[in-house]
Structure formats: C-alpha cells, structure tokens
Amino acid sequence: MKRKLSERALGLAPSATLAISAKAKELKAKGEDVIGFGAGEPDFDTPANIKEAAIKAINAGKTGYTDVGGIIELKGAIIEKFKRDNDLSYEPSEIVVSCGGKHSFFNLSLAFFEPGDEVIIPAPYWVSYPPMVELAGAKPVIVFAGVEKDFKVTVDDLKKALTNKTKAIVFNSPSNPTGAGYTKEETEKIAEFAVENEIYVISDEIYEKLIYGGFEHVSIASLGKEIKDLTIVVNGISKTYATTGWRIGYTAGPKELVSAMTRIQSQSTSNPTTISQWAAIEALSGPQDEVEKMRSTFEERRSIMIEGLNDIEGVRCNWPQGAFYAFPNISGVYGKSHPGGKIGGSLDFASYLLSEVKVALVPGLPFGDDNCIRLSYASSVEDIRGGLERIKEAVSRLS
Ligand code: GLU
C-alpha cells in the first residue's frame, strides 16, 4: 500500500527554536565545547517551594485525571493572579488550563480560526504562530516592523493589512524574539484599532514578569470593557517560574471560546498534568521573591549581552525591554566571505558560527526577519562573555 503523509504534515517545518536547542545538546553530549544561546528557557532550577508542592501532590495521591480544563483550585489561583497583576476579573468558566502556553495558542487556533479567516501577525514573530494559524486553515497576514521601528508595529501598519476577513491580531509584548515591549500609550492605540474594527486580540503575555529598565507591562485586556471583550489572554508559568518542562499554560477569554477549547482538549490531550497543576498553584500563589531574583539576574545579563553585541563590527542590537532574548541586526556582515563560503543571510551566519566557533543561536529567518539572529541570555555570565568573544573572533575572520 502506498503511504502518503497529509498535506498538513508535508508542509510543516519543525520548530526552529527547539531544533537548534536539540542540535546544541546533541553536540554537547558528543563532548563538543558548544556555547548554546538557542534555548528559550530559563537556565535556573525550578524554585524549591514549587517542587515541594509537586512532591506533596504525588504523595497525597493526586495523580489521576482532573477536570479537562484544569482543577478549580488552579483556576482560582489564575483568577487571583489576573486581579492582582493585571486588574482583570474573570470567572472560572472563562479560564482553561492547557499543556503550556504553546498548547493554549494551538487549541485557541483550532477553536477560533478557520479557512477564510485572516490573522494579523506582527513580525518578527515567535516561530510557532504562523504554523499554528495555518494548521487551523486560516491565513497568517504578516506585518513587518524591523530594527529601525524598534520591532513594534503601528496602527498605520495594521491598517494596511486589514481586510474584511481579518479576525484577529496576535499581540506579544514583551516579544519573543525581539524583547520589544509596547508602552501603555502604544498598547492603547492598538486597543482602539481593534475596537474600532471589531477584531480580536490574542495577547500572549508569557514574558510579562521578565521586564527591565523600568518598563511596565500593561495587559491590553485591562484597558477597558470593550477591548476586554475582544481580547483572549494567553499566559503560562514556564518562563516566570523556570518551569518550562512542567507544561502549564492558560487562556482567559470569552466563555464560548474557552468552552470550545476545553472540548478540543477533551478530545485530544485531556487534562494538563495533574501534578504540575498543583505545583502551578504554589507558583502563582506562593512567595514571589525567586521571581525577582531571576528577573534581576536576567537584567544584569541583558547588559552584558547587548553591550557585547554592539561591540562587534557589523552587528547592531536594540535594548530589549523584556523576555530574555537579544535580536541583533547582523546585515552588516552579509556579503562577507570565509573559506567555506559567503554569508548571504541569517541561516548562513548561524551555521558559520556553529561550525567555526561552536556557538549555537537561532537565525532570524524563521522569526520573519532574515537580517537578524536570536540569542537567549538565559545562560551563565561566563557563557555569555565566552560566546560573545567567539562571535567577535568569527566575525573578524570574515573578509
Ligand atoms: N518559546 C521558547 C523559544 O522560543 C521555547 C521553544 C519553543 O517552544 O519555541 O525558544
């Protein structure tokens, strides 16, 4: 019998961020001295109180299935978090817990988008937004804002992309991969645009706590009743609490949508891991001082990374307001050569760095900006300094 994959799968590339991290790990396991800036995950261990809560849940026998959309105790902790941090009120029926923020976005796409819908995605974007929108049969409409616009789209940019098929815009502040954060005023303008044109906003707020230099994160949903009704907030515990592998994300939005997402989950993954859900309650409701420690450590590393990058000829890096990524423009080295070839774009540069000096990072192309590369500074200061030296050396060898 002739076997053929679905068109859906044939057209699907693997996640570039995960692929690079896997490659770096594989080389390290082989004993290669690789410095990895690929992984988009905190390098800290999960705080002890969160681990303890998981161990307690296991010992108490809380290991069976739970309600598909999450235990009510966790929904309660999420509702409290929204009140405390974002001045937002939700009912339990407006919250669904999924297996990580990525799974939240995926379920949301399946529940909300269909062929004929257009979804505006500002670029540079996180690698998985366009494929997830496409898997739902809808069309991603990319609106580009490069380094000269500090990677932030304006209402004028959005207007040009608007059609009568536009259903939603993806809003990710602070952004992965650029770290750019929209100010309150900028966010208000995007909210007005959404309300005026009656389009939904999918607000990915996973990096809301990892912010620097006095930047303040404002949830777009908190800017008034009309925009709240049009906003679906996606968030999770992974980045804030160094719990990436625990897989807990959550969505807050209109009841009907949350119920549809829960139905999709009931026919696919069932509940997110029970043990992680109990731990997530502790993460959200327990002491928050570890979060501040991690945040301030990231802030120190940010300075070393950004200053170091700007010290390399042909590299220009804006100061990110949040997340833990630097997204420098490296077009200054394009056209230069090395014995193995020429640097024509971000893929060439990333593979040159990996083979020449064993530095792993993610090319900008899969994020929608081939002039840039993404480096995560969720690494030790030693690795950041060492990696920067290697990159500088590799660039100096180009002619
Ligand atoms: N969000 C992280 C990143 O961008 C984790 C990997 C992924 O799911 O893409 O690196």
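Trainee: What makes the space taken by the ligand a pocket, when other spaces here are called cavities?

Mentor: In this predicted model, the space taken by the ligand is the largest pocket, and a pocket is an open set of points, whereas a cavity is a set where a 1.4 Å probe fits but cannot get out.

Trainee: Which residues surround the ligand, and how do they divide by character?

Mentor: The ligand is surrounded by Ser 15, Thr 17, Leu 18, Gly 40, Lys 102, Trp 126, Asn 176, Lys 239, Tyr 325 and Arg 374, and this shell divides into 3 nonpolar, 4 polar and 3 charged residues.

Trainee: Why is the ligand said to lie between domain 1 and domain 2?

Mentor: Domain 1 (7-45 + 290-394) and domain 2 (64-285) both give residues to the shell around the ligand, so the ligand lies between them.

Trainee: What makes the approach of Arg 374 to the ligand a polar contact?

Mentor: A polar side-chain atom of Arg 374 lies 2.9 Å from an oxygen atom of the ligand, and because the cut-off for a pair of N or O atoms is 3.5 Å, this pair counts as a polar contact. A polar side-chain atom of Lys 239 lies 3.1 Å from a ligand nitrogen atom, and a backbone N or O atom of Gly 40 lies 3.2 Å from a ligand oxygen atom. The protein covers 86% of the 270 Å² of accessible area that the ligand has on its own.

Trainee: How many cavities of 30 Å³ or more are there, and what lines the largest cavity?

Mentor: The count comes to 3 cavities, and the largest cavity, with about 130 Å³ of space, is lined by 14 residues, of which Pro 122, Pro 124, Asn 172, Ser 175 and Tyr 182 lie nearest its centre.

Conventions
Residues are numbered from 1 along each chain as its sequence is written. This is a predicted model: local features need pLDDT of at least 70, side-chain atom pairs count only at pLDDT 80 or more; totals for chains, interfaces and linings use all residues. Side-chain values use heavy atoms; hydrogens and water are left out. A residue is near a molecule or strand if one of its heavy atoms lies within 4 Å of it. A polar contact is a pair of N or O atoms within 3.5 Å; within protein, one must be able to donate a hydrogen and the other to accept it, and residues adjacent in sequence count only if both atoms are side-chain atoms. Accessible areas come from the Shrake-Rupley method with a 1.4 Å probe; for residues, only the protein chains shown count as cover. On a 1 Å grid over the protein atoms alone, a cavity is a set of points where a 1.4 Å probe fits but cannot get out, and a pocket is an open set with protein on both sides within 12 Å along at least five of seven lines; lining residues have an atom within 4 Å of a point. A molecule sits in a cavity or pocket if more than half of its atoms lie within 2 Å of its grid points. Ala, Val, Leu, Ile, Met, Phe, Trp, Tyr, Cys and Pro count as nonpolar, Asp, Glu, Lys and Arg as charged, and the others, Gly among them, as polar. Domain bounds come from an automatic or database domain assignment. Grid points are joined across faces, edges and corners, and a volume is the space filled by probe spheres set on the points.
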